[in-house]
Amino acid sequence: MTKKQRHWQDLDSSHYLHPFTDHGQLSKKGSRVFTKGKGIYIWDAEGHQILDSMSGLWCVNLGYGRTELIEAAHKQMQELPYYNSFFQCAHPPAIELGEILSNISPDGFSRVFYTGSGSEANDTVIRMVRRFWQLQDKPEKQIIIARKNAYHGSTIAAASLGGMEGMHAQGAGIPIPNIIHIAQPYWFQEGRDQDPNTFGLAIAEELEKAIDHHGIDKIAAFIAEPIQGAGGVIIPPETYWPAIQRICDDNEILLVADEVVTGFGRLGEWFGSTTYEIKPDLIAFAKGVTSGYLPLGGVLVNDKVADILIEKGGEFIHGFTYSGHPVSCAVAIANIKALAEDNVIETVKDHTAPYLAKRWQSLSDHPIVGEARIKGLVAALELCKDKKTGKRFAAEHNVGSLCRDLAIENGLVMRAVGDTMIIAPPLIITHEQIDELITKAISTLDATAAAVQRI
Ligand code: PXG
């Protein structure tokens with residue numbers, strides 16, 4: 001280990017409380033410090049080059065080191081580094097981005113509310129949805145139905161929408177009232193005794209049952225990620241979303257798509273709602289809107305909801321200092337222009353995703369892989385002790401974490417969600433780089449299988 005790396009690790013463990021981190025474990029091991037990124041690669045402080053198949057944290061869609069994004073930030077910082085959008089003020093980047101977002105979002109969306117993150121976007125969703133019904137003289141429509149094992153962020157409200165039991169268990173009064181969670185369409189883990197499409201329908205029907213149980217007069221909205229990301233890249237069976245759409249329409253409840261992961265090209269369309277032919281009322285976004293270069297999030301609001309909020313609502317008493325931050329908006333504009341001008345999303349749809357799918361699916365032949373699933377540029381591998389029955393390894397062996405650590409040693413970032421290995425590479429990944437990713441994934445799986453034998 002270099003002196004510099006040791007120095008950073010010491011300072012890190014003395015002063016820095018990391019998100020989602022067990023600091024007892026971290027101080028024993030020391031953090032991995034990254035110092036550089038270019039294209040789809042990152043470098044740690046010891047100079048190791050690593051293929052970042054998680055796009056940072058599902059966000060660096062255009063890859064690292066894009067000069068047009070850097071220049072847009074630099075220019076905007078010189079012109080106007082900050083001003084707010086409160087008190088009837090605005091600035092060109094936030095206005096211009098609003099128009100661009102309305103051009104690329106699904107039909108019927110012309111308005112955006114900006115936040116600083118995906119969590120704040122989902123807090124905003126809760127407030128908007130309940131305000132919408134209050135303005136329609138139905139203030140008792142308060143309940144938002146979400147899903148178990150969903151991830152919607154880490155503020156108290158967003159973590160309440162989320163269905164992560166570990167987060168709910170940490171004594172913060174989460175979930176807040178009037179949020180309920182129904183089953184997730186996780187076929188591999190929860191539905192293998194049925195055909196996927198039958199399972200997809202049965203899980204969608206849970207929404208109808210929850211509406212009936214609590215009463216339609218109490219239900220405000222249903223929120224879901226088109227594909228669950230942090231939950232383990234859970235790709236719903238084909239029958240799931242059409243059934244959910246029908247149930248929302250029949251019951252006239254709002255449908256909210258959390259597109260923080262699936263937005264901005266991840267599934268080969270600007271939004272995953274288009275991929276799944278979902279017609280949401282609100283779309284939460286963040287991450288890929290700036291390719292992660294600066295923090296920005298928001299809620300796209302369809303005209304049905306926006307018209308009520310605007311015509312009947314008066315002042316919406318909600319917002320953040322950094323709502324529509326000019327530098328973040330300038331970077332988002334440059335990011336969206338680059339995605340469009342370089343045909344990045346069409347390339348994902350027509351070339352990159354089909355090629356990655358072919359290569360990724362071949363990993364299902366590996367002896368410790370029970371399922372290899374993929375949609376667009378998100379993919380998962382289920383690590384199993386018995387690939388035929390899907391029986392998992394003993395939980396105490398933490399095979400997923402072992403595999404993740406071996407991957408890094410092999411020069412590949414893969415994320416572990418339990419024993420599910422996931423990737424979401426930058427959208428600019430080439431076929432050659434996909435070959436490198438797959439070669440590294442195979443050697444990592446081989447090393448994991450060998451290590452498991454020794455346990
Ligand atoms: N919705 C979804 C679908 C997300 O994936 C958020 C909301 C919250 O966004 P912010 O910007 O507030 O973090 C996210 C964030 C993981 C991991 O372990 C995923 C996220 C955040 C942290 C960790 O995969 N996604």
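A cavity here is a set of grid points where a 1.4 Å probe fits but cannot get out. Keep that in mind as you click around this predicted model.

**Stop 1: the enclosed space**

How many cavities of 30 Å³ or more does the structure hold? Just one, and about 30 Å³ of space lies in the largest cavity. To find it, select Gly98, Leu101, Ser102, Ser105, Phe109, Ser110, Arg111, Val112 and Leu300, which line this cavity. Colour by element next: H5 and E4 each bring at least two residues to that lining, and E4 gives the most, with four. By character, the cavity lining splits into four nonpolar, four polar and one charged.

**Stop 2: the second largest pocket**

Now open things up and select Ser85, Val112, Phe113, Phe316 and His318. Of the 29 residues lining the second largest pocket, these lie nearest its centre. You've met Val112 already, in the lining of the largest cavity. This pocket has a volume of about 990 Å³.

Which elements should you show as cartoon around the second largest pocket? Helix H5 (92-104), strand E4 (109-115), helix H6 (118-135) and helix H13 (303-313) each supply at least two lining residues. Colour the pocket lining by residue type and you get 18 nonpolar, eight polar and three charged.

**Stop 3: two helices crossing**

Jump along the chain and select helix H16 (residues 399-409) together with helix H17 (residues 431-454). They pack at an angle of about 130°, with axes 9 Å apart. Angles from 65 to 115 degrees would count as roughly perpendicular and those over 145 as roughly antiparallel, so H16 and H17 are oblique to each other. The crossing of H16 past H17 is right-handed.

Show side chains at the contact: H16 puts in Val399, Leu402, Cys403, Leu406 and Ala407, while H17 answers with Thr444, Ala447, Thr448, Ala451 and Val452. That contact comes out as eight nonpolar, two polar and no charged.

**Stop 4: two backbone oddities**

Most residues other than glycine have a negative phi, and most peptide bonds are trans. With that in mind, zoom in on two loops.

Start with Pro175, in the loop between helix H8 (165-168) and strand E6 (179-182). The peptide bond from Ile174 to Pro175 is cis, with omega near 0°.

Then select Glu277, which sits in the loop between helix H12 (272-275) and strand E9 (282-285). What is the phi of Glu277 near? The value is near 55°, positive in a residue other than glycine.

Definitions and conventions
Residues are numbered from 1 along each chain as its sequence is written. This is a predicted model: local features need pLDDT of at least 70, side-chain atom pairs count only at pLDDT 80 or more; totals for chains, interfaces and linings use all residues. Side-chain values use heavy atoms; hydrogens and water are left out. On a 1 Å grid over the protein atoms alone, a cavity is a set of points where a 1.4 Å probe fits but cannot get out, and a pocket is an open set with protein on both sides within 12 Å along at least five of seven lines; lining residues have an atom within 4 Å of a point. Grid points are joined across faces, edges and corners, and a volume is the space filled by probe spheres set on the points. Ala, Val, Leu, Ile, Met, Phe, Trp, Tyr, Cys and Pro count as nonpolar, Asp, Glu, Lys and Arg as charged, and the others, Gly among them, as polar. Axes are lines fitted to C-alpha atoms, for helices over the stretch in contact, and angles run from 0 to 180 degrees between N-to-C directions. Angles under 35 degrees count as roughly parallel, over 145 as roughly antiparallel, 65 to 115 as roughly perpendicular and the rest as oblique. A crossing is left-handed if the near helix is turned anticlockwise from the far one by less than a right angle, and right-handed if clockwise. Contact means heavy atoms within 4.5 Å.
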